[in-house]
Amino acid sequence: MNVVIILLLIFLVLCAIGVSFSHNLLNSILIFMSYSLIMSIVWVCLESPDLAITEAAVGAGVTSILFFVTLKKIRGIKLEKETEDSRIVEQEVADFE
Amino acid sequence: MSRRKTDAEYSKTFAFKFFRWLSGTKDPYVNTVEMTPQKEYKPDKERMKWLEFEEKEAKEKVYDLDNNRVIKSYEKMYHAVAVIFCVALALLLLYTVSYLPRYGSEDRPTNNEVAERYIEQGMEETGAVNVVTGMILTYRAFDTFGETNVLFIATCCVMIMLMLEESVLESTEIFNERRYEPKNDRILQGAAYVLCPVIFIFGIYVILNGQISPGGGFSGGSIMGAGLILYATAFSFKNTERFFNEKVYKVAKITALIMYGLIGSYFYITGANGIANHIPLGIPGHILSAGIILPIDICVGIEVACTMYAFYALFRRGGL
């Protein structure tokens with residue numbers, strides 16, 4: 001059990017470093033999500049399951065969704081290939097504005 | 001109600017003159033102060049040359065990053081000092097941590113009479129098997145009330161910033177919603193069709209069993225909020241509006257907050273002044289036990305679920 005906790009903690013530190021060093025914002029959010037998920041497992045190992053439930057729901061779920069929505073609002077998500085649909089939608093939006 | 005002034009009346013007031021002066025549409029010195037007319041501009045060739053030379057030199061010395069030694073060395077120094085500072089801070093903190101008592105040892109300063117009292121007599125006094133919920137919602141009920149208020153104020157702030165008017169919301173609906181993703185995603189809808197009821201029931205279970213099993217108002221509320229968000233993502237806001245619109249949101253949220261305040265103050269006033277407290281504690285381990293914990297848990301759960309969903313809806317499209 002001790003080894004598992006040490007591995008999880010090392011993963012936590014790696015995630016925390018990875019969030020600040022990744023250039024893509026979308027990747028940062030995904031790493032942050034995995035950080036919260038690992039954190040909730042750590043809470044279970046530390047015998048506080050109520051915190052684990054909250055961490056899983058808020059940290060991994062709601063917060064990251066809010067980040068995603070914000071990224072979408074500021075058009076931070078860059079599509080690698082512009083698909084036909086997205087170009088049409090962009091055109092529609094431009095016309096609308 | 002004050003009467004609206006006509007334009008002719010308004011132009012005579014002091015405020016109109018002041019703001020006209022402030023915006024600079026009328027120069028107050030024109031026709032009142034004697035002014036010398038501006039001289040005609042004559043370019044001086046030597047001076048122009050000097051200015052060009054100066055500009056070139058300034059660019060080379062200050063702005064040209066490739067040739068400027070000072071800026072280069074400064075950047076290197078800056079990075080080095082930043083790394084050294086961070087490492088030194090981390091080492092200092094780790095050094096301090098090494099002096100802290102071991103995790104879970106007996107001589108920790110947190111192991112005092114307060115924790116002892118909570119653990120030994122908490123179940124007797126609050127009737128809750130889950131000591132954490134008992135502690136948060138009875139001994140520290142007003143702390144949690146403050147936290148619930150913080151949630152309320154946070155949603156109010158987000159609403160002030162992001163909420164759109166009804167007419168604007170309707171006209172931008174087509175473009176705001178699902179701009180990039182396909183409509184009616186079969187996989188997402190199929191998954192949500194199975195998962196949503198399970199998530200809701202689990203959330204309600206966690207709220208109602210707050211005094212028996214791990215969890216409580218906040219955990220259960222956030223689970224239900226996450227379920228609502230999943231439902232809204234899969235089946236669009238038109239379907240959520242059938243059971244959760246702005247009216248329901250306002251009523252649920254304010255009722256939950258007021259109920260919490262009333263229950264908490266009743267508990268505190270009767271407990272503090274020695275007046276008999278008529279809330280039965282029940283048998284520990286049953287769902288209908290532990291006095292005020294269950295109603296407060298329900299109030300907190302509603303509050304948190306509403307907050308989570310409102311954040312998502314306001315971020316996503318600017319309205320509930």
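User: Where is the kink in H3(A) centred, and how many degrees is it?
Analyst: The kink in H3(A) is centred on A:Glu55 and amounts to about 30 degrees, the bend at a residue being the angle between axes fitted to the seven residues ending there and the seven starting there. This is a predicted model, in which local features need pLDDT of at least 70, side-chain atom pairs count only at pLDDT 80 or more, and totals for chains, interfaces and linings use all residues. Residues are numbered from 1 along each chain as its sequence is written, while chains are lettered from A and ligands numbered from 1 in the order in which they are written. Helices (H or I, at least four residues) and strands (E, at least two) are DSSP runs, numbered from the N terminus.

User: What span should H3(A) have, and how far apart are its end C-alpha atoms?
Analyst: At 1.5 Å a residue, the 25 residues of H3(A) should span 36 Å, and the end C-alpha atoms are 35 Å apart, which agrees; the expected span is 1.5 Å times one less than the number of residues in the helix.

User: Which residues of H3(A) are buried, and what do they pack against?
Analyst: The buried residues of H3(A) include A:Ala52, A:Ile53, A:Glu55, A:Val58, A:Gly61 and A:Ile65. A residue is buried if 20 or more other C-beta atoms lie within 10 Å of its own, exposed if 12 or fewer, and partly exposed in between, with C-beta atoms placed from the backbone. The buried residues of H3(A) pack against H2 of chain A together with helix H6 (131–139), H9, H10 and H12 of chain B.

User: How do H2(A) and H3(A) pack, in terms of angle and axes?
Analyst: Their axes are 7 Å apart and make an angle of about 175 degrees, where axes are lines fitted to C-alpha atoms, for helices over the stretch in contact, and angles run from 0 to 180 degrees between N-to-C directions. H2(A) and H3(A) are therefore roughly antiparallel to each other, given that angles under 35 degrees count as roughly parallel, over 145 as roughly antiparallel, 65 to 115 as roughly perpendicular and the rest as oblique. A:Phe32, A:Met33 and A:Trp43 are among the H2(A) residues that meet H3(A), where A:Gly59 and A:Phe67 are among the partners. By class, this contact has 17 nonpolar, four polar and one charged residues. Ala, Val, Leu, Ile, Met, Phe, Trp, Tyr, Cys and Pro count as nonpolar, Asp, Glu, Lys and Arg as charged, and the others, Gly among them, as polar.

User: And the loop between H2 and H3 of chain A, what residue is found there?
Analyst: A:Glu47 is found in that loop, and it has a positive phi of about 65 degrees although it is not a glycine. A:Glu47 is exposed, with 9 other C-beta atoms within 10 Å. Just after H3(A), A:Arg75 also takes a positive phi, of about 55 degrees. As background, most residues other than glycine have a negative phi.

User: How many residues does each chain bring to the contact?
Analyst: Chain A gives 16 residues and chain B gives 20, two residues being in contact if their C-beta atoms, placed from the backbone, lie within 7 Å. On the chain A side, helix H3 (49–73) and helix H4 (84–96) are the elements that give two or more residues, and the largest share, 12 residues, comes from H3(A). That side has 11 nonpolar, four polar and one charged residues.

User: Switching to chain B, where does H9(B) bend?
Analyst: H9(B) bends by about 35 degrees at B:Leu195, and a proline, B:Pro197, follows within four residues. Its buried residues are B:Ile199, B:Gly203, B:Val206 and B:Ile207, and they pack against H3 of chain A together with helix H10 (217–240) and helix H12 (293–317) of chain B.

User: What is the kink in H5(B), and where is it centred?
Analyst: H5(B), residues 113–126, has a kink of about 50 degrees centred on B:Glu120, and the helix is followed by B:Gly127, whose phi is positive, near 80 degrees.

User: Last one: how many helices and strands does chain B have?
Analyst: Chain B has 12 helices and zero strands, and buried residues make up 23% of its 320 residues. Chain A has four helices and zero strands, with buried residues making up 16% of its 97 residues.
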